[in-house]
Amino acid sequence: MGLGINASGPRHSGIFDTSVKSSPKVDEAGNIKKAFSIEESQGVNKNVNAPPAVDSAAKVSALKPVTKADGTTSTSPRETIARPISRADIVDQLVHIQKAPTTENIQIMSTILQFGLEASGPNFETVQTLVKGRKSTNSLESSVVSLSKGLAETPRSVDIIGHFLNNQLQINQQLQQLQSDMSQFQLGMNFASTFLDSGLLAGLSAAVSELDDSLKKLSKDPNDRMDWSELSRGGLIKDFKTLYEFIGGLRQKMSNEGMTSALERFLKASTNLQSGIAGFLESLTSQAIMSEQVAQQVGNDRFGYWQFPNPWMQGQAVMELLVRKDPLKKKTEYNTQKTRIIVKFETQDLGEMAVVLDILDKKIWMTVSSDRADSRQLVTKWIGEFKDQVSAHDYELVGLQTTEKRIDIKQLLLPKLNLDTLSRINTEV
């Protein structure tokens, strides 16, 4: 007997719900019956914020032997009874897997269930091992997320996820530090000709300059058109990891004997550069982890996730981008004709805003979220310009809706079940 997630229960449409009021009606021939509309809504499209809870999610199956009477086999099953899961059920499961029903163990089991994982003995023991020795407030949640992402064998992932949840890995902070460290390292190389081969020095200088140019593409002036299409997260991780390892090997080859001021300056600059690269790589890695599919998906939507420096709030905030993955593909693929794009950002004049674009066959439904009424009103003034911009790319904006409801990016990336909606099912086969 065990607690698990019942995948056969009813599921809502999740994040990709086009039932907003601004959505046009389509007849059987695929023709749009309703013209472009602009609406302000306070309560519509509530599921933009997070996937709805799964109605019937946890199951306990009881298998009992078939009995015989008068030489015949009884085939009448016992009535199936479903009821809300309780604390006693979690305690029963802990006892079943031979774990003490302590407050700490109950919390571990509850968190496992919240993220849609099976409440099994192996999962419990894995999370218990990952949490051990960690003091951060979100270490339990980070450990369960690591397990759900298939990274339980990489304990370092728990720390990276924890830093992400605490907003300690925002790309803008790491990028600024890395650019500063690279500038100091380039200055240090000017004095390295006395102890480094000229050919090695020239190659290293060229590599650092090329990577520095890549970083500059991430931090353009807000008045310039931002195009990150040539930047690959995987490529950046690979290139900077190679540089990190090369500098580390170079430092090991250098002897501290006969230390000169030039060598001392170079070693200090290289140490700082390695530290800056490590922080930048951790930020990129956290985004890649968030883009991985949860082992047992809670909602219907899966997103690819990226962070970019916010050009309107230099050094203070980031832009977050989510793109809905194709739900029909097991591997990471994006259907450009049927997807959802979410961009969240902040400016001093508009405050925090989120733009949701639902795309279906070259038609776009747009939802703008902001808690400021003046910002929502401004959206309706420049919407004509936006329509012209998307038309230039053969897309048609057919509806706009504004709402004050806030969008929680972390809840979209790491959806959790509401334990109050889970059911325990007793049945006999």
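I'll start with one pair of residues: Gln307 has Glu320, in strand E8, as its bridge partner. This is a predicted model, so please hear everything that follows as a description of a prediction.

That pair belongs to strands E7 and E8, residues 303–309 and 318–324. E7 and E8 run antiparallel and are joined by seven bridges. On its other pairing, E8 is joined to E9 by four bridges, again antiparallel. A residue pair there is Val323, which stands opposite Ile341 in E9. How enclosed is E8 by the rest of the structure? Largely enclosed, because six of its seven residues are buried.

Next, the pocket beside these strands. I mean the second largest pocket, which holds about 340 Å³ of space. It is lined by 18 residues, and the closest to its centre are Asn167, Gln170, Glu320, Lys344 and Glu352. So Glu320, where I began, comes back here as one of those central residues. Which elements give two or more residues to the lining? They are E7, E8, strand E9 (338–347) and helix H11 (409–413). Among the elements, E9 gives the most, with three residues. By class, the lining has eight nonpolar, seven charged and three polar residues.

Let me stay with Gln170 for a moment. Gln170 sits in the loop between helix H5, residues 156–165, and helix H6, residues 171–189. Is Gln170 buried or exposed? Buried, because its relative accessibility is 18% and the cut-off for buried is under 20%. Leaving out residues up to four places away in sequence, Gln170 touches Ser283, Gln307 and Val318. Gln307 is the residue whose bridge partner is Glu320, which brings us back to the opening pair.

Now to strands E10, E11 and E12. Strand E10 covers residues 351–360 and pairs with E11 in the antiparallel sense, over seven bridges. Within that pairing, Val355 stands opposite Val368 in E11. Strand E11, residues 363–369, is mostly covered, with six of its seven residues buried.

The hairpin of E10 and E11 has two residues between the strands, and Asp361 there takes a positive phi near 55°. Lys362 is also in the loop between E10 and E11, and its phi is near 70°, a positive value in a residue other than glycine. For background, most residues other than glycine have a negative phi. As for solvent, Lys362 counts as partly exposed because its relative accessible area is 32%.

E11 has another partner. It pairs with strand E12, residues 396–403, in the parallel sense over seven bridges. Met366 has Leu400 in E12 as its bridge partner. How does the chain get from E11 to E12? It crosses through helix H10, residues 373–391, and this β-α-β crossover is right-handed.

One last residue, from another part of the chain. Gln98 is found in the loop between helix H1 (87–96) and helix H2 (103–114). Its phi is near 65°, again positive in a residue other than glycine. Gln98 counts as exposed because its relative accessible area is 71%.

To recap: E8 is joined to E7 by seven bridges and to E9 by four. E11 pairs antiparallel with E10 and parallel with E12. Glu320 and Gln170 are both among the residues closest to the centre of the second largest pocket. I'll stop there.

Note on methods: Residues are numbered from 1 along each chain as its sequence is written. This is a predicted model: local features need pLDDT of at least 70, side-chain atom pairs count only at pLDDT 80 or more; totals for chains, interfaces and linings use all residues. Side-chain values use heavy atoms; hydrogens and water are left out. Buried means under 20% relative accessible area, exposed over 50%, partly exposed in between (1.4 Å probe, protein chains only). Two strands pair if DSSP finds at least two bridges between them. A crossover is right-handed if, with the strands pointing away from the viewer, the path from the first strand over the helix to the second runs clockwise. Contact means heavy atoms within 4.5 Å. On a 1 Å grid over the protein atoms alone, a cavity is a set of points where a 1.4 Å probe fits but cannot get out, and a pocket is an open set with protein on both sides within 12 Å along at least five of seven lines; lining residues have an atom within 4 Å of a point. Grid points are joined across faces, edges and corners, and a volume is the space filled by probe spheres set on the points. Ala, Val, Leu, Ile, Met, Phe, Trp, Tyr, Cys and Pro count as nonpolar, Asp, Glu, Lys and Arg as charged, and the others, Gly among them, as polar.
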